[in-house]
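Welcome to the tour! Open your viewer, keep the selection tool handy, and follow along one stop at a time.

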Amino acid sequence: LSAAFVETPAVMHLVGMPAPPSRYFPEAEIVDVPLDADSFRKLLIHISASFARGQGERLPALGPGLYRQSWFYDALGTFTLSNTCNTWVAHAFAAAGLEIDTDLSRASTVTERVREAVASR
């Protein structure tokens, strides 16, 4: 709710999955996004550039995340209603070369747009 009125520092939430996403999150909608090696490299560069590393390469965790084997880390930028985790995901896939509209705000919207972008390839 505070994001509606105040910009807050962004964080990255990383989850270590000991199983495929469909088994780790059985209730979630999973969309496979096939990427060639160059697109995958661009995606990894975008993800890596999202962390607020400061002077060092290794970034300490801010604290435990929402799931087992998950942690929060400092990230670049701010979190607002117009700059959420969903817009970050859309920008990450756009950086990988997916033709996706990055102007969105709901999880169902990003999933729908990723699905459409994959289908149009």
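In what order do the elements of the protein run from the N terminus on? Colour the chain by secondary structure and trace it: the order is β-α-α-β-β-α-α. That makes four helices and three strands. Keep in mind as you look around that this is a predicted model.

**Stop 1: the whole chain**

Zoom out until everything fits on the screen. Along its principal axes, the C-alpha trace spans about 40 × 35 × 30 Å. A compact globule with 121 residues would have a radius of gyration near 14 Å, and the protein has 15 Å, which agrees.

**Stop 2: the sheet**

Now select the three strands: β1 (8-15), β2 (63-64) and β3 (70-79). They form an open sheet in the order β1-β3-β2, with antiparallel pairing. Why is one side of β1 and of β2 left without a neighbour in the sheet? Both strands stand at the edges and have a single partner strand each, so one side of each stays free of a neighbour.

Look at the pairings in turn. β1 and β3 are joined over seven bridges, in the antiparallel sense. Select H13 and you will find F72 of β3 standing opposite. Then select L14, whose bridge partner in β3 is W71.

On to the other pairing: β2 and β3 are also antiparallel, over two bridges. Click on P64 here; its bridge partner in β3 is W71. Having met W71 at L14 as well, you can use W71 as a landmark. As you rotate the view, remember that in a regular strand the side chains alternate between the two faces of the sheet.

**Stop 3: the hairpin**

Follow the chain through the hairpin of β2 and β3, which has five residues between the strands. Select Q69 in this loop. Q69 is not a glycine, yet it has a positive phi of about 55°.

**Stop 4: a helix and its cap**

Next, select α2 (37-49). Its 13 residues, at 1.5 Å a residue, should span 18 Å, and the end C-alpha atoms are 18 Å apart, which agrees. Show the side chain of D36, which caps the N-terminal end of α2. One of its side-chain oxygens lies 3.2 Å from the backbone nitrogen of D38.

**Stop 5: the largest pocket**

Finish with the largest pocket, which holds about 1900 Å³ of space. Which of its 45 lining residues are the closest to its centre? Select H13, M17, C85, W88 and V89 to see them. You have already met H13, opposite F72.

Which elements each supply at least two residues of the lining? They are β1, α2, β3, α3 (85-95) and α4 (107-119). The largest share, eight residues, comes from β1. Last, colour the lining by class: 32 residues are nonpolar, 11 are polar and two are charged.

Note on methods: Residues numbered from 1 in each chain as written. Predicted model: local features only at pLDDT ≥ 70, side-chain atom pairs only at ≥ 80, totals over all residues. Heavy atoms only, no water. 1 Å grid on protein atoms, 1.4 Å probe; cavity = no way out; pocket = protein on both sides within 12 Å on 5 of 7 lines; lining within 4 Å. Points joined across faces, edges and corners; volume = space filled by probe spheres on them. Nonpolar A, V, L, I, M, F, W, Y, C, P; charged D, E, K, R; others polar. Pairing = 2+ DSSP bridges. Expected span 1.5 Å × (residues − 1). Polar contact = N/O pair within 3.5 Å; in protein donor to acceptor, adjacent residues only side chain to side chain. Rg over C-alpha atoms; globule rule 2.2 N^0.38 Å.
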